[in-house]
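Trainee: I would like a close look at a single part of this model, explained slowly enough that I can follow each term as it comes up. Please take the bond between sulfur atoms and then what lies around it in the wider model.

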Amino acid sequence: MATDKKDNHWKEDFPVYQLESTQVSRRDFAKFLCLVSGGLAVGSGYVAIKANFFPPEKIAGEHFVCKKYELPVGGTRSFVIAGSTIPYILIRMENNEFRAYEQKCTHLSCAVFYKPGSGKIECPCHNGLFDAFTGEVLAGPPPRPLPRLEVVIKGEEIFVKDFKSDKENSERSNHSAT
Amino acid sequence: MPVTNYRTDQEFFVDMQRCIGCKACEMACSECETNGHESMIHVNYIDRAVTVQTTVQVCMHCDDPVCANVCPADAITKDEFGVVHTANTARCIGCSNCVMACPFGVPQKKETYDLMMKCNMCYDRTSAGKKPMCATVCPTQALYYGTREEIAKMRPNSTPVNNFIFGKESVSTKVNIMMPKGSTSLIID
Ligand code: SF4
Ligand code: SF4
Ligand code: FES
């Protein structure tokens, strides 16, 4: 020990000298507990404030995804919108309608996928199931429907834009009607 | 940190040549309640067939105690005065690593307790400013506990040595061995 030159870093964790071993006093432990619970309180506060006062930004404008012929029936294409990191999927349903959703499961953010032929979007992590036409939760733990984008088709090109729910849409059409 | 009256000016000096094998130290040590009436000091015969010469071994309280370094249970620790304490009974798992590692053969595994026991320089006494039990009873002063000046006056022809060379390993200790004047280290091969 005295003469070998091997690195003796392990001694820092297992000191032989009583003075080097750390003593955790009741007071230190209480301080640690306060710090941790304070941290948890601040953290939950941050999450609550972020969710309630800074709602996620809406997507402005229309974004090109791909050409129609690039997506076969029952197929899925994943994409992101410039300036954001949220992954989306575009689905060409069997009846030739298009749907676009966030790919993050609303339960614990696993990547969801469309199960061709079933009309359902599945989350493999905890068997969450969403309706591929509306994004509604059909089964499993997800608490909210999948956030949806509106698909706009212009000739051969597919664009997405911020989705207005049917309610909003109908309200708008009511207004324009009157 | 607990306050003690440990006298840092006093040291342990062992003069093996003066040991007459009376075992008074063993008796004194085993009378001490703190070690369960077991002697923590050991008197050995050098070569009993040819000589009656005995030696006495206390824990040398190594500067870098191998016993503590090899202990997987962190049971052996060294305090701020350099005293290497005996195994913390709550921690010792009785593996005997320290017994095999100590170059001086000090720690002993007591099978009845499943525990290692070694000399802790009578910490109950030395921390109160007293001398270790063995040193106070040794009739020939083969065991002496006191200051360096005292020993220099008492043994003008000897020097205290606390460096030991075991093959390629050198070990320095808190406890001194009296060697012929001018010696600096003891080579044990
Ligand atoms: S002499 Fe042996 S028991 Fe004493 S400190 Fe050194 S290694 Fe440990
Ligand atoms: S016998 Fe006890 S004190 Fe010695 S090394 Fe094993 S656990 Fe440590
Ligand atoms: S993350 Fe999708 S069901 Fe749990």
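Mentor: What follows begins with the disulfide and its two cysteines, and then moves on to other cysteines, the ligand and a sheet.

This is a predicted model, in which local features need pLDDT of at least 70 and side-chain atom pairs count only at pLDDT 80 or more, while totals for chains, interfaces and linings use all residues, and side-chain values use heavy atoms, leaving out hydrogens and water. Residues are numbered from 1 along each chain as its sequence is written, with chains lettered from A and ligands numbered from 1 in the order in which they are written.

A disulfide is a pair of cysteine sulfur atoms within 2.5 Å, and by this rule there is one disulfide over all chains. It is formed by Cys110(A) and Cys125(A), whose sulfur atoms are 1.9 Å apart. The torsion about their S-S bond is about -95°, so the disulfide is left-handed. The two cysteines are 15 residues apart and link distant parts of the chain, Cys110(A) lying in the loop between β4 (98–102) and β5 (113–115) of chain A, and Cys125(A) in the loop between β6 (120–123) and β7 (128–131) of chain A. Such strands are DSSP runs of E with at least two residues, and helices are runs of H or I with at least four, numbered from the N terminus.

Cys125(A) is partly exposed, with a relative accessible area of 38%, whereas Cys66(A) is buried at 1% and Cys92(B) is buried at 17%. Here buried means under 20% relative accessible area, exposed over 50%, and partly exposed in between, with a 1.4 Å probe and protein chains only.

Cysteines also appear beside ligand 1, where Cys59(B), Cys62(B), Cys67(B), Cys102(B) and Lys118(B) come nearest among 13 residues around it; a residue is near if one of its heavy atoms lies within 4 Å.

Chain B also has an open sheet of five strands in the order β6-β1-β8-β7-β9, with mixed pairing, where two strands pair if DSSP finds at least two bridges between them. β6 (143–146) and β9 (186–188) of chain B stand at the edges, each with a single partner strand, so one side of each is left without a neighbour in the sheet. Three bridges join β7 (residues 158–166) of chain B to β9(B), and these two strands run parallel; Phe166(B) stands opposite Ile188(B) in β9(B).
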